[in-house]
There are 4 protein chains.
Amino acid sequence: MYKVKIKRMKIDEHMSALDLVREMDASGVFCAGSLARALDIFVEMVSDPDVKVFLGIAGALVPAGLGGLFADLIREGFVDVIVSTGANITHDIIEAFGEHHQRGISGNDSELRSQGINRIYDAYVSDKAFMTFEERIQQIFRDIDVEKRKGGITVSELMTEIGKRLEDENSFVKAAADKGVSIFCPAITDSILGLQAWLFSQLNPLKIDVLEDLHKIIGLAYENKKSGAIILGGGFPKNHILQTMLITGRGFDYAIQITLDRPESGGLSGATLSEACSWGKLKSDAKSVDVIADVTIAFPLLVAAAKEKLKG
Amino acid sequence: MYKVKIKRMKIDEHMSALDLVREMDASGVFCAGSLARALDIFVEMVSDPDVKVFLGIAGALVPAGLGGLFADLIREGFVDVIVSTGANITHDIIEAFGEHHQRGISGNDSELRSQGINRIYDAYVSDKAFMTFEERIQQIFRDIDVEKRKGGITVSELMTEIGKRLEDENSFVKAAADKGVSIFCPAITDSILGLQAWLFSQLNPLKIDVLEDLHKIIGLAYENKKSGAIILGGGFPKNHILQTMLITGRGFDYAIQITLDRPESGGLSGATLSEACSWGKLKSDAKSVDVIADVTIAFPLLVAAAKEKLKG
Amino acid sequence: MYKVKIKRMKIDEHMSALDLVREMDASGVFCAGSLARALDIFVEMVSDPDVKVFLGIAGALVPAGLGGLFADLIREGFVDVIVSTGANITHDIIEAFGEHHQRGISGNDSELRSQGINRIYDAYVSDKAFMTFEERIQQIFRDIDVEKRKGGITVSELMTEIGKRLEDENSFVKAAADKGVSIFCPAITDSILGLQAWLFSQLNPLKIDVLEDLHKIIGLAYENKKSGAIILGGGFPKNHILQTMLITGRGFDYAIQITLDRPESGGLSGATLSEACSWGKLKSDAKSVDVIADVTIAFPLLVAAAKEKLKG
Amino acid sequence: MYKVKIKRMKIDEHMSALDLVREMDASGVFCAGSLARALDIFVEMVSDPDVKVFLGIAGALVPAGLGGLFADLIREGFVDVIVSTGANITHDIIEAFGEHHQRGISGNDSELRSQGINRIYDAYVSDKAFMTFEERIQQIFRDIDVEKRKGGITVSELMTEIGKRLEDENSFVKAAADKGVSIFCPAITDSILGLQAWLFSQLNPLKIDVLEDLHKIIGLAYENKKSGAIILGGGFPKNHILQTMLITGRGFDYAIQITLDRPESGGLSGATLSEACSWGKLKSDAKSVDVIADVTIAFPLLVAAAKEKLKG
């Protein structure tokens, strides 16, 4: 037990992101305190070369403008493995194809439909963007080596093949392909990208091999000296990252989750990281923290502070 | 605009589940009001033979004791298509294998680990249960027709094959197999069942065909005159049910969701059903309701009231 | 540690409210489990004549149709002390004056304003209702004994004086007056009733004595052999009930809270009842439960089941 | 309708608080977008001399280290009127008396009680701190002019009298006294300060006049050309600020709220600010934003960015 005095935060006009999180650390309690602990854990895990860092991406984070942030984390070597929802992958590719997400649109949902506009809370994406996506992604499917397709292609291979064909440096799918970082998406068919793959498979011999990717991600979890997890928004990426340790018999050494989901209804999205210790998914002495916050506020702040701290 | 007086609920000692929801309907506002509207929608969709009902199951609902309720809904013909997380399928099969979930266990998460007990909020499942699961499910994998395995088996076929080999009438996987109801799980590899499938595939030629199941569920969505969705707890089952309509070009006629997730962080789990109208996933004139409640309280109450009302 | 098997709920068409909660008890986990524990605690505390029961009412529960339920609890002797927000008192009196709350009204908030309609989520109350309230409550203020006013009237006395002048049996303010149950509202001026009291005081010698009510509620907490708390929706009523024990040096023996607020942001509304043990507000061995649920669903279900169980 | 492209946030190691919120503004959606809009509204309202700014403080924000931030906002002239829970006032005075809040303490709630430690989520305050508080505040009560006490003292006067006797520049109660900013607390008896006032009144002629403060706050709301509200954490401070406009017939021109409470259960804490337009509490064309976030993260970030922006 280390008893510590809670200091009053001092907030002035000369504060960097790191200054701000340091004030939260001086206070050290409630959500601000958990964000400050997340900074320490983040910095420790990304600066230790022995730690492989798994990033889980759920919720509409790419439409919210976080895709470039993920791309940067990959390019700067902070992240070694990605598990993403199919939706975030789809929206990242849509942006890489030159389409974009919009805001500031009014009208009720029926009116939006009649205008061909799809709503994601207060972000919007047009039917036209999906048409561009269809045209370009079908072309990419045609371009991908047929030999591979015969035996079945894994989702992570598919992500690499797609990423190689993108030109937008802000795309995390491209960044991952460039850097050799694997993107896993066990529920690929649960997305518009998956629907496009299915459309392609109606006339072409595409098979997706999902078991092989399980082999691969477990291998990535197994070969590490130490492992860290950054889990944004829960969902299946959270489980998919954590469950690797049921096979390796190890457990993550570091873990951060940021979510607004709550634990009482028993779903994994809202479960505490401590709970994962009972499963052996986290080591009993893992450094972990649950940050109860919206990812779009907390994660940019965390990353800005971490980069500043790492710069030294 | 139909202006209606909010009546004071009258709660006495002679109330059936239906009486209770009728009082909530008399009030008609806040979460109680939304539950009452859910009852009307539920009853209308399950009693119309032209409506195919899709049930989405996310969150640890089987460990919480709802597995038998799902089995009953299937057996009674209320539900035509299931999309479930792999975890709920795994836990349903664990129970069908004679293992069970427990409560009333104390100890911190590290202590639980050393005792081989895995925690799901305040539910618990032992390592022994997972060992039984491994032994029995590997046997089932061996039993399943090899021919099918060569070309790849779909998850829904796998569910049928497993369900046929279970003996517990309370298992929803068995009930679905018995009644010819398809269970879809696009993220099968994101579960302990998926890990077992992978283990099996290391020495055996198991391939899982995920694209074919997309074909099948879209077909099920396409062939209906009308469609209804009951979405418990969000997660990928929610998206997987709703996205079928992006291909069919129709949209659900009825939809109920019960969740504690919130919409402001943009994730689909917490998104309103109205938002789905902008995508065409729901018809603009669909009857739909968002019930902000824990599934373990609201869904049993809803089903009890619905069965009583349907009895007439 | 009492290890218990989680039973699958059995939901059929013949279920009373009590049957339903018993199934939730058989499962016993997540929010359903907490509701089942709340039933046991509720029944134990209201059936023990040595227990004085304090009810805290926050959130717009009267507009939602729960006012009559509170009145019944008072009349049936289940509740001995009330702490309510001024809003719930105001809305209860509005209904007792023959005005009512409405639902089913559409239009955005600016349109509502231009029509003189005030919104409470999806409940509505007209400016006309507040005009009736003003006229009638000012008359009641004039009727109340002037002598008392000179030295200052406590809020609980004011509530009794108002309650005696109401005729609606469904009013909890009237029920409390009839049964000699005190209603406390430390933040009376934070309500439309309070604004009316202020208007009256501009031309009349009304003084409100808030310290005397503190004396009275502490006395009520002190004289009990045992104490129980039912806290709906957090807010200051929660604190006001619990803080009495800081003076008595005892602590509640029983406590139930139902809320959707969460604990991580540190506010008392979302704090666990366990936290109250650290303050001595609850006894260390108190029987208490946090039910994470909307009050409008969970409380009617709880009360219906409790009445049925008490009937025996 | 102003359709705007959502830009990808660019997060690097050289970011000030303002840079960060500007990136959130470039994205502009979800919670980050709402925080960015809050910045614009905050800066506009505090830099316009015609706007009187009301600050509502609920939740344990002083124990979390935000007391000094409030003090600074007062001293810098950003805030003109305060409505606070009694708890935040109590804890501010405790810190001004040289006692402090702590973190890093372990032990369950019963153990904490036996050690005389009171828990506020993961912040802690000792019984000793409350003993110091009792001793010092009773002395202050004795010091306050007896004449005033006879006719009754308002809470805002009491706050000024206490504030004048404090020496800690970081105390917001002292800052308010120094700057002539009124602190209102309609539920003063719902706090430990209130309990101390009651104790004092047992042997001394202290009377608290709550109606007079209503007069005063309405006057402050009435005399403004324009009004702004910053509402942290909901609770009665939110209502108390907003309800002033029911009397003035004006409505706030600006409003920001930061909360994790949700609207569906109908309580005012979680209600949208738009709802307040239907009551006339906000003008129909008010600039307002709901930020769904924990105050301890979002408010320091907002204030740091605002101060930087105001510096120019």
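Which residue of chain D comes closest to the rotation axis? The points below address this and related features of the predicted model.

1. Symmetry of chains A and D. A turn of 180° with a shift of 0.0 Å along the axis lays chain D on chain A, the RMSD being 0.0 Å. The two copies are thus related as by a two-fold rotation axis. Among the residues of chain D, D:S16 comes closest to that axis, its C-alpha lying at 1.9 Å. The same surface serves both copies, since 100% of the contact residues of chain D recur in chain A.

2. Composition of the contact. Chain D and chain A contribute 60 residues each. On the side of chain D that touches chain A, at least two residues are supplied by each of β1 (4-5), α1 (17-27), α2 (30-47), α3 (62-75), β4 (102-103) and α14 (295-311). Of these elements, α14(D) gives the most, with 10 residues. By residue class, this side of chain D divides into 31 nonpolar, 14 polar and 15 charged residues.

3. Strand pairing between the chains. Strand β1 of chain A (residues 4-5) is joined to β4(D) by 2 bridges, and the strands run antiparallel. Within this pairing, A:V4 stands opposite D:R103 of β4(D).

4. Helix α2 of chain B. This helix comprises 18 residues (30-47), which at 1.5 Å a residue should span 26 Å; the end C-alpha atoms are 26 Å apart, so the expected and modelled values agree. Because 14 of the 18 residues of α2(B) are buried, the helix is largely enclosed by the rest of the structure.

Key. Residues numbered from 1 in each chain as written. Chains lettered and ligands numbered in written order. Predicted model: local features only at pLDDT ≥ 70, side-chain atom pairs only at ≥ 80, totals over all residues. Helix = DSSP H or I, 4+ residues; strand = E, 2+ residues; numbered from the N terminus. Expected span 1.5 Å × (residues − 1). Buried ≥ 20, exposed ≤ 12 C-beta atoms within 10 Å, placed from the backbone. Least-squares fit on C-alpha atoms with pLDDT ≥ 70 in both. Contact = placed C-beta atoms within 7 Å. Nonpolar A, V, L, I, M, F, W, Y, C, P; charged D, E, K, R; others polar. Pairing = 2+ DSSP bridges.
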